[in-house]
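Trainee: Got a minute to go through this one with me? I'd like to know what stands behind the labels people put on it.

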Amino acid sequence: MAGPPPKPWPTGKAMQLEPLVRRVLAPNPSPYTYTGTQTYIVGMGDGCAVIDPGPDEEAHLLALDAAIGDEHVCAIMCTHTHRDHSPAARTLAARTGAPIVGCAPLVLDDSGPRADAAFDRTYEPDRVMEDGEQMTGPGWTLTAVATPGHVSNHLCFALEESGALFTGDHVMGWSTSVVIPPDGDMNDYMKSLEKLYARSDTVFYPAHGEAVEKPRQLLRGMIGHRRQRENQIVRHLAEGPHRAADFIPKMYKGLDPKLFKAAEMSVTAHLIDLEQRGLVARSGDIWQTI
């Protein structure tokens, strides 16, 4: 994980990234959100879409109001329903009259434990987009790209006119994504990385961190990183049974203690994947090779 850049950060300022894309940084920095959630506005003039409206905080909503100005908001689009991404959708919809479209609501069978951002249980989309479905506006087309793994309802959005892909938390510009069971699934996450690697997007705009100018190079590294983590787990299990927490001091040197639980759950996601492939087994919270 890269450390955040020196302050001041451009919180609340609309930054033009390309002719059809502006970005507004929300004031919610944390160990999980980096400098904050980045809301993207797609389109200019006659109508726009707002991607990942972010936290329901008045300062951020006022910054979005200023960035949108008198433009008509055609849609409010959410990549997934973590609480740093979708809660402002309802307030922004009430202010603009725009429909909420994008990912499906996430129905959880239990309440935890989870170490990343909590889920937005107030999220109610007017339209759920399936893989390949499109939302259009004046001069722009956004195509949904299903990318489960970080969470089961995650979508990316491809801007057809420019080759940009809005990657939410599936691919970030500062760190690998956290995959936390039961709603996060490592096998799905790896398949989704491979899916993006097979595409020809020219730039990634993540919800956290800077734009990714060499997407396939980053994806290669991310896929390799996850395979390396898996190999580390298998090697350590060859030494004897482990609890998930036992792997952290061996595999995550120098990790911020605030992120220990997230790392433990990510290791657990790898272990579950290995279990489903018949390579490891567990008894209670103890894991071992078969």
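Mentor: Sure, let's start with one pair: Tyr 40 has Ile 51 in strand 4 as its bridge partner. Keep in mind that this is a predicted model.

Trainee: How do you know that strand 3 and strand 4 count as a pair?

Mentor: Two strands pair if there are at least two bridges between them. Strand 3 (residues 38-42) and strand 4 (residues 48-51) have 3 bridges, in the antiparallel sense, so they pass that cut-off.

Trainee: And what is the order of the open sheet of 7 strands?

Mentor: The order is 1-2-3-4-5-6-7, and the pairing is mixed.

Trainee: What makes strand 1 and strand 7 edge strands?

Mentor: Strand 1 (14-18) and strand 7 (127-128) each have a single partner strand, so one side of each has no neighbour in the sheet.

Trainee: Which helices lie across those strands?

Mentor: Helix 1 (residues 58-68) lies across strand 1, strand 2 (21-25), strand 3, strand 4 and strand 5 (73-78), at about 160° to strand 2. Helix 2 (residues 88-96) lies across strand 4, strand 5 and strand 6 (100-102), and runs at about 175° to strand 5.

Trainee: What about the open sheet of 5 strands?

Mentor: That one has the order 8-9-10-11-12, again with mixed pairing. Strand 8 (134-137) and strand 12 (203-206) are at the edges with a single partner strand each, so one side of each is left without a neighbour in the sheet. On average, neighbouring strands here are turned by 25° against each other, direction ignored.

Trainee: What makes strand 11 and strand 12 a pair?

Mentor: Strand 11 (residues 164-168) is joined to strand 12 by 4 bridges, and the two run parallel. The cut-off is at least two, so they pair. As one landmark, Leu 165 stands opposite Phe 204 in strand 12.

Trainee: Which helix lies across strand 9, strand 10, strand 11 and strand 12?

Mentor: Helix 3 (residues 186-197), running at about 140° to strand 9 (140-146).

Trainee: Why are helix 3 and helix 4 called roughly antiparallel?

Mentor: Helix 3 and helix 4 (residues 215-238) pack at about 155°, with their axes 9 Å apart. Angles over 145 degrees count as roughly antiparallel, and therefore helix 3 and helix 4 get that label. Their crossing is left-handed. On the helix 3 side the contact includes Met 186, Tyr 189 and Leu 193, and on the helix 4 side Leu 219, Met 222 and Ile 223 are among the residues. The contact of helix 3 with helix 4 divides into 9 nonpolar, no polar and 5 charged residues.

Trainee: Which peptide bonds are called cis?

Mentor: The bond from Lys 7 to Pro 8 is cis, with omega near 5°, and Pro 8 sits in the segment before strand 1. The bond from Pro 181 to Pro 182 is cis too, with omega near 5°; Pro 182 is in the loop between strand 11 and helix 3.

Trainee: And what makes Tyr 34 worth a look?

Mentor: Most residues other than glycine have a negative phi. Tyr 34, in the loop between strand 2 and strand 3, has a positive phi, near 65°.

Trainee: How confident is the predictor about the chain?

Mentor: The average pLDDT is 94, and 96% of the residues score at least 70. Among the elements, helix 6 (residues 260-276) has the lowest mean, 95, and strand 10 (residues 155-159) the highest, 99.

Definitions and conventions: Residues numbered from 1 in each chain as written. Predicted model: local features only at pLDDT ≥ 70, side-chain atom pairs only at ≥ 80, totals over all residues. Heavy atoms only, no water. pLDDT = per-residue confidence, 0-100. Axes fitted to C-alpha atoms, helices over the stretch in contact; angles between N-to-C directions. Contact = heavy atoms within 4.5 Å. Parallel < 35°, antiparallel > 145°, perpendicular 65-115°, else oblique. Left-handed = near helix turned anticlockwise from the far one by under 90°. Nonpolar A, V, L, I, M, F, W, Y, C, P; charged D, E, K, R; others polar.
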